[in-house]
Amino acid sequence: MRSRTAVWFECKIRYEKVMEDGLQKKVTESYVVDALSFSEAEERIIEEMSSYISGEFDVTDIKKASYKELFFSEDAAADRWYKAKLQFITIDEKTDKEKRSSVNYLVHAGTFTGAVKNIEEVMGGTMIDYVIASVSETMIMDVFEHQAKTAQNDKPEYEQ
């Protein structure tokens, strides 16, 4: 069995959305999917969105996302996604100078403060010296992780 390395793709979807006032309006929304290729990302976003959108929609853009990792939240109020840029601090042994390397993360939270708290909870469990260089709210509506599909034969006999 092949191991899977997460590659995150940002996908934009355009469709007619029924607004609160009952009128229809063309909207473009951003989503993130875990896929191995651009074609798999397109297939996944179409599959995922087909259960949410009645009617036609177009995938208008797919690009590799720059996120190293995603920090998910169990908080029921977490309904937004924040892009966080962290700088990891190391000391160059030869020059004895501080070196910083930047990494982007996608953080699930309900508020800006909640995003910072989520980062600190995840990073607090590590031995890495870091600073939060920036945190900003994104327009991402949702994230779809890869779910391994199990074959019928993978189920225990009593479930078949």
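Does Phe88 count as buried or exposed, and at what relative accessibility? In this predicted model, Phe88 counts as buried, its relative accessibility being 12%, and the residue belongs to one of the aromatic pairs described below.

A search of the whole structure for paired aromatic rings returns six aromatic pairs. One of these is formed by Phe9 and Phe38, whose ring centres are 5.0 Å apart and whose planes meet at 70°, so that the arrangement is edge-to-face, the angle being over the 60 degrees required for that class. Because Phe9 is part of strand β1 (residues 7-18) and Phe38 is part of helix α1 (residues 38-50), this pair ties together parts that are 29 residues apart in sequence. The two partners can also be described by their accessibility: Phe9 is buried, with a relative accessible area of 0%, whereas Phe38 is partly exposed, with a relative accessible area of 44%.

Phe88 itself is paired with Tyr105, the ring centres being 6.4 Å apart and the planes standing at 85°, so this pair, too, is edge-to-face. Here the contact links two strands, since Phe88 lies in strand β5 (residues 80-91) and Tyr105 in strand β6 (residues 98-109), and the pair therefore ties together parts that are 17 residues apart in sequence. Tyr105 counts as buried at 6% relative accessibility, and Phe88 likewise counts as buried at 12%, because both values fall under the 20% limit that applies to buried residues.

Apart from these two pairs, Tyr31, Tyr52 and Phe144 form one aromatic cluster.

Notes
Residues numbered from 1 in each chain as written. Predicted model: local features only at pLDDT ≥ 70, side-chain atom pairs only at ≥ 80, totals over all residues. Heavy atoms only, no water. Phe/Tyr/Trp six-rings, centres within 6.5 Å; stacked < 30°, edge-to-face > 60°. Helix = DSSP H or I, 4+ residues; strand = E, 2+ residues; numbered from the N terminus. Buried < 20%, exposed > 50% of the residue type's maximum accessible area, 1.4 Å probe, protein only.
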